[in-house]
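Student: Could you take me through one part of this model in detail? I would like to look at a single strand, its neighbours and the ligand beside it.

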Amino acid sequence: MAKPIGPRCNIACRYCYYLGKEKLFPEEKKFRMSDEVLEAYTRHLIHASLAAGMGEVTFAWQGGEPTMLGLDFYAKALALQRKHAPAGVTVTNVLQTNGMLLDDDWGRFLHDNGVLVGISIDGPKQVHDRYRLDRAGRPSFDAVMRGLDLLQRHGVAHNALTTVHRANGGKGREVYRFLKGLGIEHMQFIPIAERGGPDGLAAVPQVDSDPGPPVTDWSVRPRAYGKFLCDVFDTWIKRDVGRIFVQHFDAMLGKWLGRPGGLCVFAETCGDGLALEHDGSLYSCDHYVFPEYRLGRITDTPLDQMLWTDRQTAFGQHKRDSLTAQCRGCAFRAACNGGCPKHRFATSRSGEGGHNYFCESYTMFFHHAGQRLSDMARLVASGRSAAEVLA
Ligand SMILES: C[S@@+](CC[C@H](N)C(=O)[O-])C[C@H]1O[C@@H](n2cnc3c(N)ncnc32)[C@H](O)[C@@H]1O
Ligand code: SF4
Ligand code: SF4
Ligand code: SF4
């Protein structure tokens, strides 16, 4: 994942984990990936993807707000991809945006170049505008809806990325129905849970019933996130299987089918989801952009060399090797793998630290949806459609 504009953004969502990264670049004025870094990234990503036997190369653009760079930047990026990709290799671009700066020129460009766009929408206006505000506290919802409409009018492939936080945590049904009503067919839900830390997030006292140490006051409570997942699942399974795709459920179905891949959060190890900053610095993961996880600079060292260092391998394996005893003995371990290490700041049932804050959420979901996931997996394994699960 590349951050061509670093942490710069046109708004300032109150929960954003990335805005504070400006502190990593005290001398920086421009926050714009240089032509040199862009070309090195393009060459190295194509080379590393093909060397790893992948038939397709995917460039993921994120930030900060990547559309602030303007279309020229992406026209240049695509030209470099054409220059460096061998004939016959499929190159895909994925752009994650708040959608507010999109216009007709963007719509045409994204459509004509087959760019897949993720647009951040947290739910209906009241919920979305709880945290997704600009620096002056002005809401973003109306501008985001204009951006979504533009994507849809231009026929741009898109999905919604919805963070689950304190304001929408218990509102799974409402959020799902709202997104569906907008014509969204692909949905991703990401829970927010953070404590204060080196990226400057402010810690506030946690509500008593929550397990673990203090989290920010926008972090979703484990039970609310569990309920969110269960409610979305129940709403989805009634009539939308095979028509609307929820990344979490696809990943879980893949697990029940014993298929590799899926979401990094539920993989056994981490390590191949690197983050590239605008200055060419490469970090172990988008959620570990801290000095101690900086692997090097892409203009100095080839990407695959940084990927296969002992340090990065250890980063990836730490996820498996640091599981609590509760996780190691858990009936859902193969599906969950202890979740994301970023969320392992709670306490297990036996009092062991480093347990996942969302364990209760995941357990609720597995108990609630496990039987129907098994039913769907059996259908798919026998060559039938998962949508038959209803019958
Ligand atoms: C950092 S933004 C960058 C791209 C673009 N500006 C956007 O908002 O889509 C990428 C995604 O991260 C999500 N996000 C922001 N803060 C988060 C946090 N603290 N935990 C988890 N996800 C977060 C955003 O809601 C957004 O969907
Ligand atoms: S729009 Fe994206 S980058 Fe900007 S503040 Fe919100 S989540 Fe962060
Ligand atoms: S640390 Fe979390 S977000 Fe990063 S690769 Fe691992 S599971 Fe994924
Ligand atoms: S459900 Fe809880 S105990 Fe089981 S693997 Fe996941 S985090 Fe660990």
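Tutor: Happy to; here is a walk around strand S5 and then ligand 1. This is a predicted model, in which local features need pLDDT of at least 70 and side-chain atom pairs count only at pLDDT 80 or more, while totals for chains, interfaces and linings use all residues. Residues are numbered from 1 along each chain as its sequence is written, and chains are lettered from A and ligands numbered from 1 in the order in which they are written.

S5 spans residues 158-164, and five of its seven residues are buried (20 or more other C-beta atoms within 10 Å of their own, with C-beta atoms placed from the backbone). Strands here are DSSP runs of E with at least two residues, helices runs of H or I with at least four, numbered from the N terminus.

S5 runs parallel to S4 (residues 116-120), joined by four bridges; pairing takes at least two DSSP bridges. Here leucine 161 of S5 stands opposite serine 120. Five bridges also link S5 in the parallel sense to S6 (residues 186-191), where phenylalanine 189 is the bridge partner of threonine 162. Helix H6 (residues 172-181) completes a right-handed β-α-β unit with S5 and S6: with the strands pointing away from the viewer, the path from the first strand over the helix to the second runs clockwise.

Now the ligand. Ser120 and Leu161 are among the residues that come nearest to ligand 1, together with Tyr17, Asn98 and Ile192, out of 18 around it (C-beta atom, placed from the backbone, within 6 Å). S5 and strand S3 (90-97) each supply at least two residues of that shell.

Notes:
A residue is buried if 20 or more other C-beta atoms lie within 10 Å of its own, exposed if 12 or fewer, and partly exposed in between; C-beta atoms are placed from the backbone.
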